[in-house]
Amino acid sequence: MKFKYTDYHVHTKWSSDIQENGPVFDDYIKIAEAEEINICFLEHYELYSIERDKSNPFYNDKIDDYLEEFDDLKGTYKFILSGLELEYYRDREIELLEFMDDYEKEIDFIGGTLHEWIYHYPITSRAKLLQLLEKVQMRQLIDDYFEISRMMIESKIFKNICHIDTIYRYINEHDIKPLEDCDISDERVLNLGRLCIKNKINIEYNLSGLRFPINRPFPSKEIAKKLKKERARFFVGSDSHSVENFQENISKVKNAYKFLGITY
Ligand SMILES: [Zn+2]
Ligand SMILES: [Zn+2]
């Protein structure tokens, strides 16, 4: 890579949660070049939605178009990486493994991720989460998040895992308050991190939480520090969904690398 630091997590309109008129590769590239930072386009890739939803950017094998569009730029710009934020489904591990087999060599960086284990109810949408909380007890939801995350890590499908405690994007003291019977201990997040260490999986230090009332990365600085001492390997992502997000996070990304003592 051309520059010292990399933002491993930016989304363009190739991601299903971004509008048709959303940012494209070039919009980020211009800024990244000026600010001297490498970027990895970590687009959402959800098997379930890609198969069913014609409006999903990757519907109908469009992944080949994505890679083609990317390859055209890669020749010119030596500071960009292709990537996917690949949704984990506990009942589709074989297909995910096959997907990795097919694409791991063609795509620079793939991160495993968990947003939606009950279809149509991603816990990273505040509105959907509220609907979900009418059906499932909060305690159960948090327990399920940690249990399925454990399965995702232990499946060994992924070499990189995104935002390990993103269940707290909205469930926290500053937003939707956790109920008394919920186990929200740091120990749970630390244990997921330790499982990553044990399985030689890189952990994301995801800065998106700084844009929400929780106002901290996923995982928190304190947890990242503890995991670092236990020899965790991190990568840093802004999880930008707009060029404004990206621009605002560049110095934070660079500082995060310094804080985490990452020199690659
Ligand atoms: Zn995500
Ligand atoms: Zn993301």
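In which helix is S149 found? Select S149 and you land in helix α6, residues 138-154; hold that view while we set the scene.

**Before you start**

This is a predicted model, where local features need pLDDT of at least 70, side-chain atom pairs count only at pLDDT 80 or more, and totals for chains, interfaces and linings use all residues. Residues are numbered from 1 along each chain as its sequence is written, and chains are lettered from A and ligands numbered from 1 in the order in which they are written.

**The whole chain**

Colour by secondary structure: the protein chain has nine helices and seven strands (DSSP runs numbered from the N terminus, helices being H or I of at least four residues and strands E of at least two). Zoom out, and the C-alpha atoms fill a box of roughly 55 × 40 × 35 Å along the principal axes. The radius of gyration is 18 Å, which agrees with the value near 18 Å for a compact globule of 264 residues (it is taken over C-alpha atoms, and the globule rule is 2.2 Å times the number of residues to the power 0.38).

Of the 264 residues, 39% count as buried. Here a residue is buried if 20 or more other C-beta atoms lie within 10 Å of its own, exposed if 12 or fewer, and partly exposed in between, with C-beta atoms placed from the backbone. Among contacts between residues at least 6 apart in sequence, 79% join residues at least 24 apart (two residues are in contact if their C-beta atoms, placed from the backbone, lie within 7 Å).

**Back to S149**

S149 counts as buried, with 26 C-beta neighbours inside 10 Å. Show L114, I164 and L192 as sticks: S149 touches these three, not counting residues up to four places away in sequence. For a sense of scale, draw a C-alpha to C-alpha distance from S149 to F41; it reads 23 Å, across 108 residues of sequence.

**Strands β1 to β4**

Next, select residues 38-45, strand β2. Seven of its eight residues are buried, so β2 is largely enclosed by the rest of the structure. Strand β1 (residues 6-10) runs parallel to β2 and is joined to it by three bridges (strands pair if DSSP finds at least two bridges between them). Look for D7 opposite I39. Trace the chain from β1 through helix α1 (residues 25-35) to β2, and you follow a right-handed β-α-β crossover: with the strands pointing away from the viewer, the path from the first strand over the helix to the second runs clockwise.

Seven bridges join β2 to β3, again in parallel, and E43 has L84 as its bridge partner in β3. Keep L84 selected, for L84 also stands opposite I110 in β4. Five bridges join β3 (residues 80-87) to β4, and these two run parallel. The path from β3 through helix α4 (residues 93-103) to β4 is a right-handed crossover too.

Now isolate β4, residues 109-113, where five of five residues are buried. F109, G111 and T113 point one way, while I110 and G112 point the other.

**Loop stops**

Go to S15 in the loop between β1 and α1. S15 is buried, with 22 other C-beta atoms within 10 Å. Beyond four places in sequence, S15 is in contact with E43, H44 and P57. The C-alpha atoms of S15 and P57 are 6.6 Å apart, though 42 residues separate them in sequence.

Then try H120, between β4 and α5 (126-135): phi is near 80°, a positive value in a residue other than glycine. H120 counts as exposed, with 11 C-beta neighbours inside 10 Å. R231, between α8 and β7 (234-237), has a positive phi as well, near 75°. R231 is exposed, with 7 other C-beta atoms within 10 Å.

For a backbone detail, centre on F218 and P219: a cis peptide bond joins them, with omega about -5°. P219 sits in the loop between β6 (202-206) and α8 (221-229).

**Last stop: the cores**

Which residues have the most contacts inside the largest nonpolar core? Select I39, I161, I203 and F234, within a core of 53 residues (a nonpolar core is a set of buried Ala, Val, Leu, Ile, Met, Phe, Trp, Tyr and Cys residues joined through C-beta atoms within 7 Å). Leaving aside neighbours within four places in sequence, the contacts of I203 include I161, I164, L227 and F234. A second, separate core has ten residues, among them L129, L141, Y145 and Y170.
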